[in-house]
Amino acid sequence: AVIGPLHSLKLDTIAQYMQSANKNGNRIPLLAPMATAAEIVRKYAGEKWFFELTDTDISQSEILLGQAIGSYAKSISLLISSSEEQKTFRDWLTFQATEYEISLKNLYIYDDSSQLTQMSERAFSESNDFIICIPQSYKDLPSILKAYKNHGKKIPILFGNSAHDRNILNYEDVEGIEGISIGASPENGFDIAYVAKFKEPPVAGEAQIYDAFLLAAFAQMHQWARDCRFTDTAINNVISSDTTLSETPAWEPISMSRIMKKILDGENFNIGGASGNLNIKSGNESVVSQTFYIHWKVIDKAFVQIEYISLNGSRRSVSTTASSNWVNKAITGATEKDSTANLIEYPPFKGNYALLIATSESWLNYRHQADILSIYNKLKSFGMEDSQIVLIIEDNLTENPMNPNPGTMIDFNGNSIYKDIHVDYRTSE
């Protein structure tokens, strides 16, 4: 199998070679994590060896417009590369803007670095309500940000996928910029585990790359267990299962072993990877049925995920410590050296009551009970008494045989959250 490349034009080059080779009976599958140009994906749609693990830029275009409308823009302008890779945005934004009843005021298209400087200066000097920026790559950002700063950063801007790259964090004037990119599902904990391991959130395409390796591994198991000759057939068998079945998470070790067992037992299943559900769209044998997008912002030289968005009707938002700290600093003028200066003062917790319920009891869902105990400790640190808190929790994990810290439970930082606990009811009761 081939995994990658990340970018649409490079994918097209590789896919052309593979198309010729596969006509000769090679049957080598291509797993594309984030090559999202609609024209290129459409070119290979239906090929049994081609698998695109994220939706095309048509969806991202719609989400970018939705964010502009949510910012009360009366019209939008587009600063974009002339590259074939960005053609989907150029073709679709006008049509979608009409559907949303918002006008596309100006179109700034650049071919090279000199034109980029010229178009950026024009975009930020002219009268625009809101600018969506789709650079060719993150390397174009210094010119855009310089022009943005030169004209006082007065116009709201929003970047697409190509800007969500760690390299931009080293650029000047990057603080406060925001954008939309493909990401992990907010429902499966992948982002949380990633931050715990690497101390920073994933950037565009990392969840999809992870899922590409997952599918390749599951396909290998399927070939071995079912005596299946071709890897592309194995991948299709693994991800084109019955969508009426409940989704089985697949990205973490315990979940992977569950999928492996289903493959060995000849069962059907419905895979949920790091990026979301990995089934293929009905009638289209190439693109996954669901993609999650994140709304990110650069705060204190780091990416902060402030919202998750999906076009399938599931929309979730998150609030992080980093974004809360940034808001405090922006409102009060407090600096990192004086983080307590002029912060909002809340009244003491008097007459408040809390009902805390941990909704599961298994070791696999350790986080459910751990989350509740963290909140319990936080409330008590605010001065709430046990008489004000009703705690419903099974309280069965401290002595669980799998617990590497017998007698206690810990948070991500290794701190004990199991101290002075008063349990009112157990969930089994």
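This tour proceeds through a predicted model, selection by selection, and states what is found at each stop.

**Stop 1: helix H9**

Begin by selecting residues 231-239, which form helix H9. Most of this helix is covered, with 7 of its 9 residues buried. Colour the buried set separately: Thr231, Asp232, Ala234, Ile235, Asn236, Val238 and Ile239. Next, display the elements against which these buried residues pack. Two of them are strands E2 (30-32) and E3 (50-52). The others are helix H8 (206-226) and strand E10 (270-273).

**Stop 2: Thr231**

Remain in H9 and centre the view on Thr231. Is this residue buried or exposed? Thr231 has a relative accessible area of 17%, and because the cut-off for buried is under 20%, the residue is classed as buried. Leaving aside residues up to four places away in sequence, select the residues that Thr231 touches: Pro29, Ala219 and Gln223. Gln223 deserves a second look, as its side chain and that of Thr231 are joined by a polar contact of 3.0 Å.

**Stop 3: two cysteines**

Select Cys133 and then Cys228. Cys133 is buried, at 0% relative accessibility. Cys228 is likewise classed as buried, with a relative accessible area of 14%. How many disulfides does the structure hold? The count is 0. For orientation, a disulfide is a covalent bond between the sulfur atoms of two cysteines.

**Stop 4: the salt bridge between Asp12 and Lys43**

Now turn to charged pairs. Side chains of opposite charge can pair when their charged atoms come close. Over the whole structure, a search finds 12 salt bridges. Select Asp12 and Lys43, one of these pairs, whose closest N and O atoms are 3.1 Å apart. Asp12 belongs to helix H1 (residues 8-23) and Lys43 to helix H2 (residues 38-44), so the salt bridge ties together parts that are 31 residues apart in sequence. As for the surroundings of each partner, Asp12 is buried at 14% relative accessibility, whereas Lys43 is partly exposed at 44%.

**Stop 5: helix H10**

Select residues 253-265, the extent of helix H10, and locate Lys261 within that range. Which residue does the side chain of Lys261 meet in a salt bridge? The partner is Asp265, with an N to O distance of 2.7 Å. Both residues lie in H10, 4 residues apart, or about one turn of the helix. An α-helix has 3.6 residues a turn, so residues three or four places apart point the same way. Lys261 is exposed, with a relative accessible area of 52%, and Asp265 is partly exposed at 45%.

Before leaving H10, add Met221 to the selection and draw a C-alpha to C-alpha distance from Lys261. The separation in space is 9.8 Å, although the two residues are 40 residues apart in sequence.

**Stop 6: Arg426 and Asp395**

Select Arg426 and Asp395, which form a salt bridge with their closest N and O atoms 3.6 Å apart. The two residues are 31 residues apart, each in the segment after E16, and the pair links distant parts of the chain. Arg426 is partly exposed, with a relative accessible area of 31%. A further selection shows shared partners: Arg166, Glu200 and Glu206 are joined into one network by salt bridges.

**Stop 7: Ala196 and Asn413**

Select residues 190-198 to display helix H7, and pick out Ala196 within this helix. At 30% relative accessibility, Ala196 is partly exposed. Then add Asn413 and compare the two separations. In sequence, Ala196 and Asn413 are 217 residues apart, while their C-alpha atoms are 8.9 Å apart in space.

**Stop 8: a nonpolar surface patch**

Finish with a surface representation and select Leu355, Ile357, Val390 and Tyr425. Together, these residues make a nonpolar surface patch of about 380 Å². Where does Val390 lie? Its place is in strand E16, which spans residues 389-392. Val390 is classed as partly exposed, with 32% relative accessibility.

Key:
Residues numbered from 1 in each chain as written. Predicted model: local features only at pLDDT ≥ 70, side-chain atom pairs only at ≥ 80, totals over all residues. Heavy atoms only, no water. Buried < 20%, exposed > 50% of the residue type's maximum accessible area, 1.4 Å probe, protein only. Polar contact = N/O pair within 3.5 Å; in protein donor to acceptor, adjacent residues only side chain to side chain. Contact = heavy atoms within 4.5 Å. Disulfide = S-S within 2.5 Å. Patch = residues over 30% accessible without salt bridge, like charges linked within 9 Å, V, L, I, M, F, W, Y side chains within 5 Å. Areas by Shrake-Rupley, 256 points an atom, 1.4 Å probe, with all protein chains shown as cover. Salt bridge = Lys/Arg side-chain N within 4 Å of Asp/Glu carboxyl O.
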